[in-house]
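Here is a short note to read beside the model. Keep the structure open and find each residue as it comes up.

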Amino acid sequence: MEAHQAVTATDTRLYGKATARAWDRLYPWLTRRAAWLDHDGPLSLIEGTVIRLVVEKLPSGEVNKPV
């Protein structure tokens with residue numbers, strides 16, 4: 001993945017440091033399966049934004065994972 005296009009970080013009371021990174025204009029490689037199985041012609045290009053949020057800790061004490 002390329003370098004992020006936007007990043008922000010803030011300190012929170014419940015989660016410690018929270019960092020969000022965003023990548024814009026990304027798109028998946030579509031294949032002729034599932035919803036695209038019966039599609040005639042070239043497959044569509046669907047752009048989107050990916051946002052990754054990482055926090056230092058969870059209030060419940062569970063292991064935090066990026067989302």
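1. **Thr19.** Start with Thr19, in strand β2, which covers residues 16-26. The model is predicted, so treat each value as computed from it. Is Thr19 buried or exposed? Thr19 is buried, because its relative accessible area is 12% and the cut-off for buried is under 20%. Which residues does Thr19 touch, leaving out those up to four places away in sequence? They are Val7, Thr8, Ala9, Arg52, Leu53 and Val54. Val7, Thr8 and Ala9 fall within the range of β1 (6-12). Arg52, Leu53 and Val54 fall within the range of β3 (48-55).

2. **The overall fold.** The protein has 0 helices and 3 strands. Read from the N terminus, the elements run β-β-β. Buried residues are 10% of the 67 residues, and Thr19 is one of the buried residues.

3. **The sheet.** How are the 3 strands arranged? They form an open sheet in the order β1-β2-β3, with antiparallel pairing. β1 and β3 stand at the edges. Each has a single partner strand, so one side of each lacks a neighbour in the sheet. From one strand to the next, the twist averages 15 degrees. As a general point, strands of a sheet pair through backbone hydrogen bonds, either parallel or antiparallel.

4. **The β1 and β2 pair.** How many bridges join β1 and β2? There are 7, and the sense is antiparallel. For one place to look, find Thr10: Ala18 in β2 stands opposite.

5. **Arg21.** Arg21 is also in strand β2. Its relative accessibility is 28%, so Arg21 counts as partly exposed. Arg21 and Gln5 are 16 residues apart in sequence. In space, C-alpha to C-alpha, Arg21 and Gln5 are 7.5 Å apart.

6. **Arg25.** Check the backbone at Arg25, in strand β2. Its phi is positive, about 60 degrees, although Arg25 is not a glycine. Arg25 is exposed, because its relative accessible area is 56% and the cut-off for exposed is over 50%.

7. **The salt bridge.** How many salt bridges does a search of the whole structure find? It finds 1. The side chains of Glu47 and Arg25 meet in a salt bridge, at 3.3 Å from N to O. This pair links distant parts of the chain: Glu47 is in the loop between β2 and β3, Arg25 is in strand β2, and they are 22 residues apart. Glu47 has 42% relative accessibility, so Glu47 counts as partly exposed.

8. **The nonpolar patch.** Now turn to the surface. Which residues make the nonpolar patch of about 430 Å²? They are Tyr27, Trp29 and Leu45. Tyr27 sits in the loop between β2 and β3. At 40% relative accessibility, Tyr27 is partly exposed.

9. **Whole-protein totals.** The protein exposes about 5800 Å². Carbon and sulfur atoms supply 55% of that area. Now take the contacts between residues at least 6 apart in sequence: 38% of them join residues at least 24 apart.

Technical notes
Residues are numbered from 1 along each chain as its sequence is written. This is a predicted model: local features need pLDDT of at least 70, side-chain atom pairs count only at pLDDT 80 or more; totals for chains, interfaces and linings use all residues. Side-chain values use heavy atoms; hydrogens and water are left out. Helices (H or I, at least four residues) and strands (E, at least two) are DSSP runs, numbered from the N terminus. Buried means under 20% relative accessible area, exposed over 50%, partly exposed in between (1.4 Å probe, protein chains only). Contact means heavy atoms within 4.5 Å. Patches are made of residues with over 30% relative accessible area and no salt bridge: like charges are joined within 9 Å, nonpolar side chains (Val, Leu, Ile, Met, Phe, Trp, Tyr) within 5 Å. Accessible areas come from the Shrake-Rupley method with a 1.4 Å probe; for residues, only the protein chains shown count as cover. A salt bridge is a side-chain nitrogen of Lys or Arg within 4 Å of a carboxyl oxygen of Asp or Glu. Two strands pair if DSSP finds at least two bridges between them. Axes are lines fitted to C-alpha atoms, for helices over the stretch in contact, and angles run from 0 to 180 degrees between N-to-C directions.
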